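Thanks for sharing this one with me. Here are a few notes to read alongside the coordinates.

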Amino acid sequence: MYETLMQERLKVAIVGSGPAGLSAAGRAAAAGVSHVLLEQRDHVSDTIYKYQKGKLVMATPDVLPLRSELTFQIGIREDVLGTWEKQIADLKANVRFNSEVTAISGEKGDFTLKLSDGTTINAEYVVFAIGLQGNIRLLGVPGQDREWVQYQLNDPDEYSDETIVVVGAGDAGIENALALTKQNNVVILNRGSEFARIKQGNLTAITTAIEKNQIECIYSADTVRVEDDGIIVKTPQGETKVKCDRIIARLGASPPRKFVEACGIKFPNADPSSLPELSGQYESNVPGLYVIGALAGYPLIKQAMNQGYEVVEYIQGKQLKPADEPLLEKKFADIPGNRTVSEVLAMIQEAVPLLSGLTTLQLREFLLDSSVHAPRGGDVIFERNDYTNSFYSIVDGGVNIQINPEDETKVVALGKGAFFGEMGLLSGRRRTATVMANVPSLLIETPRRSMIKLINSVESVKRVMDQVAVGRQIQTYIAPGIPLPDLEDLIRTVRVEKFDQGAVLFREGENGDCLYLIQRGSVTVSREVSGKETVISYVAAGNYVGEMALVSNAPRSATIRAAVAVEALRLDGVPFQALMGRNEAVRRTIEARYRGRMLENIETTEQPEAGGIIQFLIEQGLGEATDVLLIDEALCVRCDNCEKACAETHQGTSRLNREAGPTFQTIHVPTSCRHCEHPHCMVDCPPDALRRNANGEVYITDSCIGCGNCERNCPYGVIHMAAKPPKKPGLLQWLLFGRGPGPGQAVSGKWGPDSNKAAAGPKKAVKCDMCKDVTGGPACVRACPTGAALRVEPSEFFKVVSQGL
Amino acid sequence: MHQSILIFRNFRYLKWAAAIVAVALALYWLHNPAYGIANGGTWLGYTLGGIGAFLIVWLMWFGIRKRRYGGGGAPVEDWLSAHVYLGLALIIVGTLHTGFQFGWNVHTLAYVLMMVVIFSGVFGLFAYLRVPELMTHNRRGMTLVQMMHEISDLDTECREAALALGDEINQIVLTAAQNTRIGGGVIRQLSGDDPDCATRDASRNVRHLADNAPSDQAEGYRLLLSLLARKEELLFRARRDVRYKALLDIWLYVHVPLSFALLGALIAHIVSVFFYW
C-alpha cells in the first residue's frame, strides 16, 4: 500500500495526528479525498497519549459547537484516545505511523515530503498539525523504543533499587540522575569528556556525586544499541555493555518552529509566542501549505478538531461558514443596525486603524475573546486604581479620560478609532485614570491575554501601540496636561530599552544624559556605602529615575538596577531639559521630586538595615509582586492557624506554606502567591482560566482544565494541582462520633484531596485568591492571633521600611 | 514593623478592661453591705458575679471563634488582645465578687480554678511575647526539618570519615548516630538539653583516642572531630528549638482543660447558690 502511496500524487498530506490532524484525516476519508496522515510515533495523538493514566481531558469552550467526523466529549484519556482510534479505523483513514517528516519542498499542487526512513510522498496540499510540544530526540539506536527506555522522568521516587542509565549530560539529565541516586544505582553517559554548558549548581552537584562514587560517569560514550538487559556503549577503549533495569534518555527536543520555518512559513517576529501569519482559511504565506491547531495559536482540542474539518473543506474549494459564526452573531446582537457578522467585521476594521492590519481569521479570534459594550454618555468604563487589565477600542462614539485625580473636569477626549487601557496592560499595575463615555458609544473590550497574543503576532499592532503608548506615558507620568505637540521633540528621542533582572540601567558616578521612565517591572536604587553597594529604595513601574543628574548637572548619585525584567523608556536629556526650561509646571514637579528623592537618600543611607531588608525582599521576587504575605517572626507563635484558615476556606487545601521560604532578620516570606504584576501563571493557560479582578487578585476560574501549565510556570511554587476533597461530616458528627477532621484540622487520608472519592473528579489548579469571595479579607491574616501575618503591597511596604520600622 | 497584641489598636482593650476594673473597684468602695460584710449575695455581689460569669463564657468562646474561619466580624487578633486584657480584669472582678470569703467549698474551687487558668494564660502571654524572637534567631533561617536533614547528612559524613580510623572509632560513630535523640518527654523537651547526648559522648571519646593516635591518622581525626563539633552545634540548636516550641505549647495543656473544669465548677457554684443557699 505504501508503494502506491509513493507513486501516486495525493490530494493532501496531513502532518501530525493530534486532534487537528486526526479530524482532518477523518474528514478527508469521509469525503473521499485521497490523503495520508503522517505520525512520527507508533500511536496517534502523542501529546494526549503522554498524559498521565486516567487524566481527565476537558472539552472547552462548551459553547463552541464541534464540527468533525470524530466525536469528542469530556472523558478520561484512555476513552478519548480509544474512541478516536476506533473511529479513524472505521472511517478507513490512511494513517502512516513511524513517519517523521524531515523536509518539505515543492509548491502548491506538487509538494514532496521526505520522511526519515527515506520514503518520499507527493501531495497537492500539505496541512501542518504538529502542535507545540516539539520532537523529543530519541536515542537513535536499535532498541530505542523498548518499554524500559524512557524519555522523561515524572517522579524519581517512583523507582527504587534499580540500576538506571541516564543518557545525556545536560541540565535535565543531571537533575534526573541526581534525583535518582537517592534510591537507585545510577550511571550517567556523557558524550563529551567533561560537563559543559550546564548550570553552575548542577556542575558542582554532579562532580561531587561522581567524586563520592554516588554516580558512575562514563565519558566520551556513544550509545550503540539497547539489548534485553542493558545498553551497549562505545568508548575510546572499545565497546562495553552496561547492564541496567532502566534507561532514561534526556537528549532535548527540537522545537517545531524551526522546522516550520525551514518549510518557508514566516513568523512576524522572533518572540517565541508569535504565531505564523495565516489567511482566513488557515493557509500560510506558502500557497498550498496550511497550518492548524496549537501551532496556529488554537491550543484547545475542540478548536483544533474544527479546523481539521474545515481545512479539508477549504482545500476542496468548498465555502463554509466558520464554526464560530453563531457565537459572533450572538455577540453582535446588540449592535444597532441589524448587520451581518461580516458587515460588523468590516465596520470594525474600517473604524479602528489598530485592527485594520489583521487577517479575517485573527479578527474573528480577537472578537470571539472580546466583548462588545454600548455605554451611554456618562457611563464609567473603568475607574482609577482598578486592577483590571483589559484593552478597549472605540468603534463608535468617544470617551473622556480624567487625567487629574483632584480635578474631574480635566479630561482628554478620545474619539472613534482610538484605543485606551494600554497602560495597565503594559505596566501590569492599577489603572492610572478614570474613563467614561462622553456620548453613546460602541466599545470592544479585549482581555489581556488576547491582546498580548495579538501584539506578539501582528507587527503593525505592536508598532502603533508602542508609538501611542510612549506619548501617553510621558503625558501621564511626567508632564500632565501638556499637549502632545509640545512634547514632540522629547518623544522623538525616546527608545524602549529592555533590561534583564539584575542588569544596570546606570551607575553611580556616571555622567547622566538621560532619564528612564519605567514602563514595566521595577528597579532598585542603590548607593555605595563604605565600599558596599547598598539598596536604598525601590521604584515601581509608572515612575521615572535619573532626573537628579539632569536637574543638578552632577554625576549620577545612585545606581539603578532592574529588580525583575524591565522595559523602560529612555528619554534624552537635552530635549528634557529644554522642556523643563519652557514649562514652569514640569520644572516644579521634577524639582519637588528631586528634593523628595534627596531626603529619601539621606534617610536610608542612615539606616543600612532597611536597605538590607529591601534587598532581601527584592531577591525573593517582591519586585514584581502586587500583594504579598509576610510574617513577622518576632510575633509569630507558629500556631499555623493561617494555614488552617486557608485550608478551611478553600476546600481543604491550604494555598500557603507558612514554614517554607526564607527569613531575613525577623521577616519571613512564606510560600504563597504574590499576585505578580505580570503573572507568570497566566502566560500559557489554554482556557484562559487565570484572571485578575478589579482589586488585583489573580485567581483561577472554573474553566481550568487541569493541564498544570500554571503550576510549572510559577517561579514561586504557589500553585498546586488538587482534587476537590469529599464533603466533610458536620460538626456534630465530629463531636459525637469522631467522624472526619474537626474544624481547622488538616484534611488528609479519607477526607483529603487525595482520597479515592476525590480522585474520581479532575485535578485542577488551586492558588491563593486572596479570599476574594470571603467577607473581611484574607483568612490567613484574619486568623492570625498575634498579628504576625500581614499582606502588603511592596511599593507601600518599601516606603514604610525606608522610613524605619 | 507592626504591633504586639498588648499595644494593639493603641491599647483599646486595655482601656476597656481598665474601665471595668475601675467601676468595679469604685462600687466596691462605695458599697455598704448589710452587717458590714461584703459577699456574693448582695446586689453588688450578684452584679459582679454576673459580669464574671459572662466574662468566663465569653473568654472561652475565643476557642470557638479562633476556629471559625472565613466569617466576617473582628479579626482574631482583636479577639486575642481583648481576651488577654478582659481575662486579666477578671482577677479583680472575680475577687471582689467573693467579698474575700474563702472556704473549702465548690465556690472557692471555682475561684481557684479561675485563678489557675488566668495565671497559666499569663505564662502563655509571656511565652508568646518572648519566645518567637528567640526562636527565630536560634533557627537562623532554617526549619527544624532542615536541621534534622543536615544532622543526618553529618552522620553519613562522620561514618565515611571514620572508615579510615579503625573499628573502635567506627563503633563510637555508629553508636552516636543511632543513639542521639532530639526531644523526648515533656521534661526533656522543656530542658532543651540531653545530659546523656550520645554525640557529646562520642565527641569526648574521639578526642581522647585522638591524643594517642598515630600521626598518619591525625588528619582523619581532625576531620571527624570537626564534623562532630558541627553536629553538636546543630543538635544544640535543634533541642533549643524543641524547647521553644514546647514553651509555646505547654501552658495550653493547663489553660484549656482547666477552663472546662472551671466551667463545670462555675455551673455547680451557680446552681448551688440559687437552689441550696
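Which residue of E43(A) stands opposite A:Ile631? I come to that in point 2, after a word on the whole chain.

1. Please keep in mind that this is a predicted model. Chain A holds 25 helices and 43 strands. Its C-alpha atoms fill a box of roughly 85 × 70 × 70 Å along the principal axes. The radius of gyration of chain A is 30 Å, which agrees with the value near 28 Å for a compact globule because the chain has 805 residues. Buried residues account for 42% of those 805. Of the contacts in chain A with a separation of 6 or more, 70% link residues 24 or more positions apart.

2. Now to the opening question: A:Ile631 faces A:Ala789 in E43(A). Strand E36 (residues 628-632) of chain A pairs with E43(A) in the antiparallel sense, over four bridges. Both belong to an open, antiparallel sheet of four strands, ordered E37-E38-E36-E43 in chain A. Its edges are strand E37 (663-664) and strand E43 (789-792), each of which pairs on one side only.

3. Strand E26 (residues 434-437) of chain A is a nice one to inspect. A:Val435 and A:Ala437 point to one face and are buried, whereas A:Thr434 and A:Met436 point to the other and are not. In general, side chains of a regular strand alternate between the two faces of the sheet.

4. What does E26(A) pair with? Strand E23 (residues 399-402) of chain A joins E26(A) through four bridges, antiparallel, with A:Gln402 opposite A:Thr434. Strand E21 (residues 380-382) of chain A also runs antiparallel to E26(A), over two bridges; there A:Val380 has A:Met436 as its bridge partner.

How values were computed: Residues are numbered from 1 along each chain as its sequence is written. Chains are lettered from A and ligands numbered from 1 in the order in which they are written. This is a predicted model: local features need pLDDT of at least 70, side-chain atom pairs count only at pLDDT 80 or more; totals for chains, interfaces and linings use all residues. Two strands pair if DSSP finds at least two bridges between them. The radius of gyration is taken over C-alpha atoms; the globule rule is 2.2 Å times the number of residues to the power 0.38. A residue is buried if 20 or more other C-beta atoms lie within 10 Å of its own, exposed if 12 or fewer, and partly exposed in between; C-beta atoms are placed from the backbone. Two residues are in contact if their C-beta atoms, placed from the backbone, lie within 7 Å.
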